[in-house]
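Reader: I should be grateful for a close look at a single part of this protein, the open sheet and what lies around it. Please add a brief account of other local features where they help to complete the picture.

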Amino acid sequence: MKSVLDSLLRGAFRAALPLALLAAATASAAPSYLVITVPAAAAGAAALPALLADWRKNGLVSDDFLLASNPGKAAAFSEVAVLEFPDETCVGRWQQAGAPALGAGLVVTPVDRLAHGETFPRDSTKATFLVAEYDVLATPERYQEYAEGYVTPEMEAMRTQSKVLTSYFLYAAKDKASAPWQSMLIMEFRDSVAFGKRDESMKAARDELAAVPAWKALSDTKTTIRKEASLTESSWELLPAPPLAELPSYQTEYHVIGTIRVLGSFLKFATAALEEGFLKYQPDAQFATNFSTSSEGAIGGLCTGVSDLAPAGDDAKITDMMPFFNVYGYVPTEISVATGDYEKRGAMWPAVIVVNKDNPLAHMNMDQLDRVFGSERTGGWDIGNNPEHNILYTAEFARGPESNLRTWGQLGLTGEWADRPIQTYGYCAPGFAIYFERKLLHWSTKYNPNFREFVEPKEAEPGPNGKPVSSDRMLDELSQDKYGIAWAAMFHAEFYPNLKVLAIAPGTSDQYVDYTPENVANRTYPLKRDCYFYINKEPGRPLDPKVREFMRFVLSREGQQIIAHTGFFYPLTADYLAEQLKKLD
């Protein structure tokens with residue numbers, strides 16, 4: 001354990017995202033946070049959960065969560081909510097459109113997030129939370145040093161070694177004089193058993209860390225840095241489902257009797273929640289569900305006839321669909337059931353296009369991205385769109401080398417930029433790469449020859465051979481490369497101060513769309529992602545009535561409320577949902 005902790009210390013605690021070292025996608029666009037404290041008997045408490053759900057559904061916040069103090073325990077508050085925004089501009093929009101709806105008695109505190117770590121996936125509904133409030137006795141600089149050098153190593157040891165913690169967040173009030181507390185540490189323990197082991201786990205971590213001089217020095221002086229004011233045991237409070245009045249309500253058309261077989265992804269608890277919701281309307285139905293293969297095996301279940309439904313987070317690969325076509329003579333029908341999240345890990349986040357902050361470019365369209373990241377090609381794949389519902393390669397999507405964009409001057413930049421080559425960066429893990437190739441390259445795998453490939457840190461080989469191909473390294477390189485461009489995850493890119501995010505327009509248009517939670521939720525951001533259910537529907541023949549009835553429920557107001565209620569995905573817009581319903585007939 002000691003070697004792991006020493007490595008953590010040498011690594012500057014990147015996992016905790018210290019503000020002093022990792023800022024944001026642009027200098028003026030750092031993530032921003034607000035904490036809403038609900039005192040006991042506050043008049044505005046009752047309306048808060050519905051407000052939080054509505055703000056998230058509409059993209060007014062990028063994320064939020066609500067904790068309620070446990071009954072019968074000493075508590076410094078009744079509830080506490082945390083709101084996350086992409087930047088201060090979005091906070092300003094919330095102050096105009098959201099804050100006026102807050103009821104009386106609620107206290108809004110702007111905060112800095114000084115430390116943070118999360119384990120994925122996790123089920124917060126089963127967790128026990130401990131919220132510590134502190135008085136800060138030291139300067140902001142000294143408290144930041146304490147957060148990085150003392151809090152983070154201790155929390156990381158409890159999260160990654162004893163594994164009793166599944167997340168932690170340390171906030172500091174920006175205006176300590178007006179805040180109900182000056183600093184707040186939220187600790188999420190896996191369950192009640194893990195919570196019961198917290199003292200044992202903390203002691204073990206501190207015993208190990210005491211051998212690290214820097215940590216020991218902060219430990220010895222922590223009483224001069226902060227003073228604990230309260231400890232409140234709390235629980236995750238599920239937000240209510242948004243109204244979604246614009247979506248059609250579920251009306252039974254077929255009485256389902258029997259089993260619907262499901263094999264694929266659990267979609268962050270949404271698949272099981274949808275099954276449970278459906279049984280309230282169709283009590284004679286039952287489900288045989290298997291999540292062991294996740295998205296990667298979903299189409300295989302349909303192909304072999306062992307399942308009726310294939311939930312998947314990733315886009316189906318051509319190599320998934322070809323065996324299905326060989327068996328049935330047509331491709332599986334793809335039904336979008338949810339829009340991916342703005343930036344939440346594991347929740348189908350869209351790619352952001354990032355460049356060095358010194359780059360004068362502000363936007364690109366999808367056609368330009370194809371010509372920058374892709375290469376000349378003889379054609380591309382057309383899947384399921386012809387009368388035979390086949391998988392065909394076609395010259396319709398061909399383009400020659402003269403269409404490539406290889407210098408910044410070809411994108412309109414002048415001066416020193418004009419003749420500089422465009423260096424490209426991005427991901428190569430199949431789930432990410434297939435999505436990008438489908439969106440931009442017509443399923444082609446021909447990239448710009450200078451494309452530098454990277455993977456998420458968890459997918460990189462441990463040790464020295466993995467570090468050069470980790471996405472952290474990619475963004476480090478791009479931060480130093482004035483002439484580079486990458487597609488990346490916002491939850492990584494936002495903490496690199498030398499990078500900025502470009503607005504994107506669809507096709508060849510100049511209708512550029514900023515990357516914001518609102519534009520992901522309303523599906524105008526061109527690189528958005530979807531969650532899918534794949535089904536076996538023979539062209540020209542009716543779908544299995546059991547499957548059709550369940551999919552009608554998923555694509556109803558009630559089904560989309562369940563998806564929104566899980567907190568990982570956005571519900572579909574009314575127009576796009578109507579397109580999906582047509583695929584069932």
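Author: The following account begins with the sheet and then turns to a helix pair and two individual residues. The model is predicted, so local features need pLDDT of at least 70 and side-chain atom pairs count only at pLDDT 80 or more, while totals for chains, interfaces and linings use all residues. Residues are numbered from 1 along each chain as its sequence is written, and side-chain values use heavy atoms, with hydrogens and water left out.

The open sheet is formed by five strands in the order S18-S17-S19-S13-S20, with mixed pairing. Helices (H or I, at least four residues) and strands (E, at least two) are DSSP runs numbered from the N terminus, and two strands pair if DSSP finds at least two bridges between them. In general, strands of a sheet pair through backbone hydrogen bonds, either parallel or antiparallel. Strand S18 (452-454) and strand S20 (499-501) each have a single partner strand, so one side of each is left without a neighbour in the sheet. On average, and with direction ignored, neighbouring strands are turned by 25° against each other. Strand S13 (residues 352-356) runs antiparallel to S20 and is joined to S20 by three bridges; Val355 stands opposite Lys500 in S20.

Helix H11 (residues 366-373) lies across S13, strand S17 (423-427) and strand S19 (484-488), and runs at about 110° to S19. Here axes are lines fitted to C-alpha atoms, for helices over the stretch in contact, and angles run from 0 to 180 degrees between N-to-C directions; contact means heavy atoms within 4.5 Å.

Elsewhere, helix H8 (residues 270-281) packs with helix H17 (residues 557-566) at an angle of about 145°, their axes being 9 Å apart. H8 contributes Ala270, Ala273, Leu274, Gly277 and Tyr281 to the contact, and H17 contributes Glu558, Gly559, Ile562, Ile563 and Thr566.

Two residues may be set side by side. Ser234 belongs to strand S8 (residues 226-236) and is buried (under 20% relative accessible area, whereas exposed means over 50%, with a 1.4 Å probe and protein chains only), its own value being 0%. Leaving aside neighbours within four places in sequence, Ser234 is in contact with residues including Leu67, Asn70, Phe77 and Phe129. Asp575, in helix H18 (residues 574-582), is exposed, with a relative accessible area of 64%. The C-alpha atoms of Asp575 and Glu246 are separated by 9.7 Å, although the two residues are 329 residues apart along the chain.
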